[in-house]
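Here is a short report on the architecture of one protein chain. Start with the sequence and the structure below, then follow the sections in order.

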Amino acid sequence: MQKTVLIADDHPVYLLGLRTLLQTRSDRYRIVHEALNADEVMDKLAQSPVDIIITDLSMPGEHYPDGLTMIQTLARRYPESMIVVVTMITNPELLASLRRCGVHAVLSKNSLSTNLVQTLHSTRQGHVAPVKPEVQLTQRETEVLRLLLRGLTVNQISEQLNRTKQTISTQKNSAMRKLGASSDFELFQCAQSLGLDS
């Protein structure tokens, strides 16, 4: 029996790649939606939900400012759907936080051709239990990360948000701990992977 699928990526070349891979197993998977941004993903799923959601993590979207927010919303609204994230992320803590959000599998864009269909098959066979969405970063932590990515210093952020430097540092450190980042460079990598630089 065919499984219905939504594929989403803001880069048309990756969307084409996903489509091509799934069409090689058209006996198993039928693509019913394609989306180029987070808002399209939500609009199309609202029209008709699917069995499998395969999406890039970092995509533009007016209502979903970062990838984690989008994934948490998907997991909450469509608990019956298998969610597969394709990304360039390599940070293990960040991958773990994605899984805690309700993602069934995280695949590297570099190995899609060999891993996608195999992962869909094994995940389905393994009957992965849905994971309850878990909020990782607070709104204030996310806000601080966004401003850091824009090149602002802790001092500048404290002035802009009218909070003390100590408060900003605490929020930054808390975000680092949750994302498993041990340096500013790793923190920026994680934040970019989550789409917080858009």
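## Strand pairing at the sheet centre

Strand 1 and strand 3 run parallel, joined by 4 bridges. One residue pair in this pairing is Ala-8 with its bridge partner in strand 3, Thr-55. The model is a predicted one.

Strand 3 (residues 52-56) also pairs with strand 4 (residues 82-87). These two run parallel as well, with 5 bridges between them. Ile-54 has Val-84 of strand 4 as its bridge partner. Asp-56 stands opposite Val-86 in strand 4.

## The whole sheet

How are the strands ordered in the sheet? The order is 2-1-3-4-5, in an open sheet of 5 strands with parallel pairing. Strand 2 (29-35) and strand 5 (105-108) are at the edges. Each has a single partner strand, so one side of each lacks a neighbour in the sheet. From one strand to the next, the twist averages 20°.

Two helices pack against these strands. Helix 1 (residues 12-23) packs on the sheet and touches strand 1 (3-8), strand 2 and strand 3. The direction of helix 1 makes about 160° with that of strand 1. Helix 2 (residues 38-47) lies across strand 1, strand 2 and strand 3. Helix 2 runs at about 130° to strand 2.

## Burial of strand 3

Is strand 3 mostly covered or mostly open? It is mostly covered, with 5 of its 5 residues buried. Ile-52, Ile-54 and Asp-56 point one way from the strand. Ile-53 and Thr-55 point the other way. Residues on both sides are buried, Asp-56 and Thr-55 included.

## Helix 6 against helix 7

General background helps here: a pair of packed helices is described by the angle between the axes and the distance between them. Helix 6 (residues 139-149) packs with helix 7 (residues 154-161) at an angle of about 125°, and their axes are 10 Å apart. That angle makes helix 6 oblique to helix 7. The crossing of the two is right-handed.

Which residues meet? Helix 6 brings Glu-143, Val-144, Leu-147 and Leu-148. Helix 7 brings Ile-157, Gln-160 and Leu-161. By class, this contact of helix 6 with helix 7 has 5 nonpolar, 1 polar and 1 charged residues.

## Helix 6 against helix 8

Helix 6 also packs with helix 8 (residues 165-179). Here the angle is about 95°, with the axes 9 Å apart. That makes helix 6 roughly perpendicular to helix 8.

On the helix 6 side, the contact is made by Arg-140, Glu-141, Val-144, Leu-145 and Leu-148. On the helix 8 side, it is made by Ile-168, Gln-171, Lys-172, Ser-174, Ala-175, Lys-178 and Leu-179. The residues of this contact between helix 6 and helix 8 divide into 6 nonpolar, 2 polar and 4 charged. Val-144 and Leu-148 take part in the contact with helix 7 and in the contact with helix 8.

## The chain overall

The protein has 9 helices and 5 strands. Along the sequence, the pattern reads β-α-β-α-β-α-β-α-β-α-α-α-α-α.

How much of the protein is buried? Buried residues make up 46% of the 198 residues. Contacts also span the sequence. Among those between residues at least 6 apart, 63% join residues at least 24 apart.

Notes
Residues are numbered from 1 along each chain as its sequence is written. This is a predicted model: local features need pLDDT of at least 70, side-chain atom pairs count only at pLDDT 80 or more; totals for chains, interfaces and linings use all residues. Side-chain values use heavy atoms; hydrogens and water are left out. Axes are lines fitted to C-alpha atoms, for helices over the stretch in contact, and angles run from 0 to 180 degrees between N-to-C directions. Angles under 35 degrees count as roughly parallel, over 145 as roughly antiparallel, 65 to 115 as roughly perpendicular and the rest as oblique. A crossing is left-handed if the near helix is turned anticlockwise from the far one by less than a right angle, and right-handed if clockwise. Contact means heavy atoms within 4.5 Å. Ala, Val, Leu, Ile, Met, Phe, Trp, Tyr, Cys and Pro count as nonpolar, Asp, Glu, Lys and Arg as charged, and the others, Gly among them, as polar. Two strands pair if DSSP finds at least two bridges between them. Buried means under 20% relative accessible area, exposed over 50%, partly exposed in between (1.4 Å probe, protein chains only).
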